[in-house]
Amino acid sequence: MTAVDLLLVGCGKMGGAMLAGWRAAGTVRRVVIVDPAAEVAPEGAMLVADPAQIPADFAPDAVVLAVKPQMMDQALPAYVPYAGRAVFLSIAAGKTIAYFQKVLGQGTALVRAMPNTPAAVGRGISGAYATPAVSPAQRDLCQSLLSAVGEVVWVAEEGLIDAVTAVSGSGPAYVFHLVEALAAAGAAAGLPPDLALRLARATVTGAGELLHRNPDTTATQLRINVTSPKGTTQAALDVLMDEAQGLTPLMVRTVAAADRRSRELAG
């Protein structure tokens with residue numbers, strides 16, 4: 001894909017991670033960043049504190065909205081002039097397509113995406129939804145922009161973004177809590193707490209790397225591979241896989257709670 005001109009609104013952790021990915025992949029040609037909190041312009045980008053300082057001749061192919069959701073009401077109106085010319089890619093949690101259309105217009109090309117925090121190390125995954133106004137070329141552009149920080153999946157209905165948020169958006173916190181819980185269990189079994197935490201961290205990150213390096217092997221098969229019949233792992237899994245109180249019913253309730261809250265925040 002030919003390198004494009006990009007307007008990045010907000011360059012915090014997620015916006016900065018995406019910018020680093022774009023630069024590494026050669027996705028962007030000219031980048032203008034609007035961020036009053038940033039002090040130093042990233043290499044190869046122009047930084048302005050106010051949208052009024054954007055060069056008059058700058059015509060971005062995409063406007064990436066990476067400001068915090070609570071700042072969107074104040075920030076968004078300044079970018080109305082780009083509606084109809086650029087595709088808008090939002091990574092702001094809880095802000096719906098209807099919200100953006102109310103400000104930018106019904107015919108604006110809009111993509112709503114939900115990346116997750118592993119994007120900061122190039123290992124994220126983003127769920128995305130595109131409105132009918134998004135052209136195939138604009139969708140490909142957004143695919144390229146999101147791919148710079150990890151995998152991308154597209155959903156056919158905007159409402160599914162709430163489920164994406166519940167699984168992958170909030171999911172890293174579930175994994176981090178698993179490490180906490182596994183470390184606490186190790187300490188309860190007699191291990192020194194620092195050693196239990198080290199074992200738990202290495203186990204979870206190592207298992208994740210096995211999943212990553214074996215994309216054609218299911219998680220189920222990897223679980224079977226490490227489980228000897230009537231062994232220690234099987235004894236543990238008998239607890240985790242209990243139909244009423246095991247891990248699966250717990251995760252179903254966990255994801256349902258996050259999905260429900262995501263819908264509440266979106267109004």
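This briefing describes the overall build of one protein model and then turns to selected residues.

The model is predicted, with an average pLDDT of 94 for the protein. The protein contains 10 helices and 8 strands, and 39% of its 267 residues count as buried. No disulfides are present in the structure.

**Confidence**

- A pLDDT of at least 70 is reached by 100% of the residues.
- Among the elements of the protein, the lowest mean pLDDT, 87, belongs to helix α1 (residues 13–25).
- The highest mean pLDDT among the elements, 98, belongs to helix α6 (residues 171–188).

**Overall dimensions, contacts and surface**

- Taken along the principal axes, the box filled by the C-alpha atoms is roughly 70 × 35 × 35 Å.
- When contacts between residues at least 6 apart in sequence are considered, 60% of them join residues at least 24 apart.
- The exposed area of the protein is about 15,000 Å², of which carbon and sulfur atoms supply 58%.
- The charged side chains comprise 20 positive and 22 negative ones, and a distance of 2 Å separates the centres of the two sets.

**Cysteines**

- A disulfide is a covalent bond between the sulfur atoms of two cysteines.
- The structure holds 0 disulfides, and cysteine 11 is accordingly in none; its nearest cysteine sulfur, that of cysteine 142, lies 18 Å away.
- Cysteine 142 is likewise in no disulfide, the nearest cysteine sulfur being that of cysteine 11 at 18 Å.
- Cysteine 142 counts as buried because its relative accessibility is 0%, and the cut-off for buried is under 20%.

**Residues in loops**

- Threonine 96 is located in the loop that runs between strand β5 (87–90) and helix α3 (97–104).
- With a relative accessible area of 16%, threonine 96 falls under the 20% limit and is therefore buried.
- Leaving aside residues up to four places away in sequence, threonine 96 touches Arg112, Glu158 and Ala266.
- Lysine 230 belongs to the loop between helix α8 (219–225) and helix α9 (232–240).
- Although lysine 230 is not a glycine, its phi is positive, at about 65 degrees.
- Lysine 230 counts as exposed because its relative accessibility is 84%, where exposed requires over 50%.

**A residue in a strand: leucine 110**

- Leucine 110 forms part of strand β6, which spans residues 110–114.
- The relative accessible area of leucine 110 is 2%, so this residue is buried.
- Isoleucine 97 stands 13 residues from leucine 110 along the chain, and their C-alpha atoms are separated by 7.1 Å.
- Isoleucine 97 is also one of the residues that leucine 110 touches, when residues up to four places away in sequence are not counted.
- On that basis, the other partners of leucine 110 are Phe88, Phe100, Gln101, Leu104, Tyr129, Ala130, Thr131 and Val134.

**A residue in a helix: alanine 166**

- Alanine 166 is part of helix α5, which covers residues 160–169.
- Its relative accessible area is 0%, and alanine 166 is therefore buried.
- Valine 255 is 89 residues from alanine 166 in sequence, yet the C-alpha atoms of the two lie 5.2 Å apart in space.
- Valine 255 is among the residues that alanine 166 touches, not counting residues up to four places away in sequence.
- Counted in this way, alanine 166 also touches Gly171, Tyr174, Ala258 and Asp259.

Methods. Residues numbered from 1 in each chain as written. Predicted model: local features only at pLDDT ≥ 70, side-chain atom pairs only at ≥ 80, totals over all residues. Heavy atoms only, no water. Helix = DSSP H or I, 4+ residues; strand = E, 2+ residues; numbered from the N terminus. Buried < 20%, exposed > 50% of the residue type's maximum accessible area, 1.4 Å probe, protein only. Disulfide = S-S within 2.5 Å. Contact = heavy atoms within 4.5 Å. Areas by Shrake-Rupley, 256 points an atom, 1.4 Å probe, with all protein chains shown as cover. Lys, Arg positive; Asp, Glu negative; His and termini not counted. Charge placed at Lys NZ, Arg CZ, Asp CG, Glu CD. pLDDT = per-residue confidence, 0-100.
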